[in-house]
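Subject: The structure you asked about

Hi there,

Here is the structure I promised to pass on. Have a look at it first, and then read on for what I found.

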Amino acid sequence: MSKSLLSLGECMVELSPTASGDYARGFAGDTFNTAWYARRLLPTDWSVAYGSCIGTDAVSDEMAGFMAGQGIDTTALRRLPDRTVGLYMISLRNGERSFSYWRGQSAAKMIADDPDWLASTLQGRQIIHFSAITLAVLSPDHRRAFCKAVQSARIQGSLIAFDTNLRPRLWDGEDAMREGVMLGASVADIVLPSFDEETGLWGDKTSADTIARYSKAGATRVVVKDGGGPVTLWSQDHGTRQHAATSVAQIVDTTAAGDSFAGGFLAHLAMGQSEDHAAQQAMALAAQVIQARGALVPGIFA
């Protein structure tokens, strides 16, 4: 296995509100945000790649150029001439975000339509990360094909991480969302759920309910985030423990809280840190991110 972290999904054009009330244009998306934060934490002997499909138009060129400029390996991007990239707009209310999407012609929907390309993209990666959003934008057949390819990579020795990031509007109802989430969890070593979302979808009463579901699905580590509450970490080897939340002076924008947590957790695991240290460092990173605007916050690494 090479020292390579591959994150797969959909990166989009982001329109985010500024302090003046205008909108700034950038590029972001949950799994890309995770890759971006991991890249800033990992040493240079690690490659961080982003796997997706984009178009051949000008905005797709700009996206690929932005990724490369941020140190992300773009060789796992596949170009589709009849497609482009999606767009989303963030609306904020008291620090909490909501999203509006335009993704009808998104090339990322075709990430699993070429099995040979997908298999070669996954091959030899030490860590592979994807999310429920990665699955939600795919057709049911492509969703199954994607997870079959990830499962093959897992068998070959890759460590698979899955963020259960839920966007109900992307799914054809709650049953489809439940099925898709469990499909993703079934091929993952690490599952990264958010407790509020798990409560809404499954009716979980405690983090123990969440852990039980994903450990039964086959995960060897489950890391349950709970907003401003503690993170509950379970692993097959060490059982369950909790880590108190990092203190935050003022929440400005929670857009990439979970994405940055995932990037921090995976990066610190990759560097040989313990699960507990990785969780603590990931919490500290997310705490910094939510005190600034936008998904990507370069200032915290200055």
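Let's start at Leu-80. Setting aside neighbours within four places in sequence, Leu-80 is in contact with Cys-53, Ile-54, Gly-55, Thr-56, Ala-107 and Met-110. Please keep in mind that this is a predicted model. Leu-80 sits in the loop between β5 (77–79) and β6 (87–93). Is Leu-80 buried or exposed? Its relative accessibility is 12%, and anything under 20% counts as buried, so Leu-80 is buried. One of its contacts, Ile-54, is 26 residues away along the chain, yet the two C-alpha atoms are separated by 6.1 Å.

Another loop residue makes a nice contrast. Gln-105 belongs to the loop between β7 (96–102) and α3 (115–122). With a relative accessible area of 46%, Gln-105 is partly exposed. Beyond its neighbours within four places in sequence, Gln-105 is in contact with Asp-82, Arg-83 and Thr-84. From Gln-105 to Gly-55 is 50 residues in sequence and 9.3 Å in space, C-alpha to C-alpha.

Now for the whole chain. How many helices and strands does the protein chain have? There are 10 helices and 13 strands. The C-alpha atoms fill a box of roughly 50 × 50 × 45 Å along the principal axes. A compact globule of 302 residues would have a radius of gyration near 19 Å, and the 18 Å of this chain agrees with that. Buried residues make up 54% of the 302. The chain exposes about 12400 Å², and carbon and sulfur atoms supply 50% of that area. Contacts like the one between Leu-80 and Ile-54 fit into a wider pattern: among contacts between residues at least 6 apart in sequence, 70% join residues at least 24 apart.

Next, the inside. In soluble globular proteins, nonpolar side chains tend to be buried together. Here the largest nonpolar core has 50 residues, and Phe-261 and Phe-265 have the most contacts inside it. A second, separate core has 45 residues, including Ala-112, Phe-162, Leu-170 and Ala-188. What does Phe-265 touch, leaving aside neighbours within four places in sequence? The answer is Ile-190, Leu-192, Val-223, Leu-233, Glu-275, Ala-278, Ala-279 and Ala-282.

Leu-233 turns up again in the contacts of Asp-276, a residue of helix α10 (residues 275–289). Asp-276 is in contact with Leu-233, Arg-241 and His-243, again not counting neighbours within four places in sequence. At 23% relative accessibility, Asp-276 is partly exposed. The C-alpha atoms of Asp-276 and Arg-241 are separated by 8.6 Å, with their positions 35 residues apart along the chain.

Three helices are worth a slow look, and one general point helps with them. An α-helix has 3.6 residues a turn, so residues three or four places apart point the same way.

Take α6 (residues 174–185) to begin with. This helix has 12 residues and reaches 16 Å from its first C-alpha to its last, close to the 16 Å expected at 1.5 Å a residue. Its buried residues are Met-177, Gly-180, Val-181, Gly-184 and Ala-185. Seen down the helix axis, they fall within an arc of 135 degrees, so they line one face of α6. The face turned away from that buried side carries the exposed residues Asp-175 and Glu-179.

In α7 (195–202), the buried residues are Phe-195, Glu-197, Glu-198 and Leu-201. Their arc is within 155 degrees down the axis, so they too line one face of their helix. These buried residues pack against α6, α8 and β11. Asp-196 and Gly-200 are exposed on the face turned away from the buried side of α7. Just after α7, Gly-203 takes a positive phi of about 80 degrees.

Finally, α8 (residues 207–217) has Ser-207, Thr-210, Ile-211, Arg-213 and Tyr-214 buried. An arc of 165 degrees holds them when you look down the axis, so they line one face of α8. What covers these buried residues? The cover includes α6, α7, β10 (190–192), β11 (221–224), β12 (231–235) and β13 (239–243). Just after α8, Gly-218 takes a positive phi of about 125 degrees.

Enjoy exploring it!

Best wishes

Methods: Residues are numbered from 1 along each chain as its sequence is written. Side-chain values use heavy atoms; hydrogens and water are left out. Helices (H or I, at least four residues) and strands (E, at least two) are DSSP runs, numbered from the N terminus. The expected span of a helix is 1.5 Å times one less than its number of residues. Buried means under 20% relative accessible area, exposed over 50%, partly exposed in between (1.4 Å probe, protein chains only). The arc is that of the directions from the helix axis to the C-beta atoms. A nonpolar core is a set of buried Ala, Val, Leu, Ile, Met, Phe, Trp, Tyr and Cys residues joined through side-chain atoms within 4.5 Å. Contact means heavy atoms within 4.5 Å. The radius of gyration is taken over C-alpha atoms; the globule rule is 2.2 Å times the number of residues to the power 0.38. Accessible areas come from the Shrake-Rupley method with a 1.4 Å probe; for residues, only the protein chains shown count as cover.
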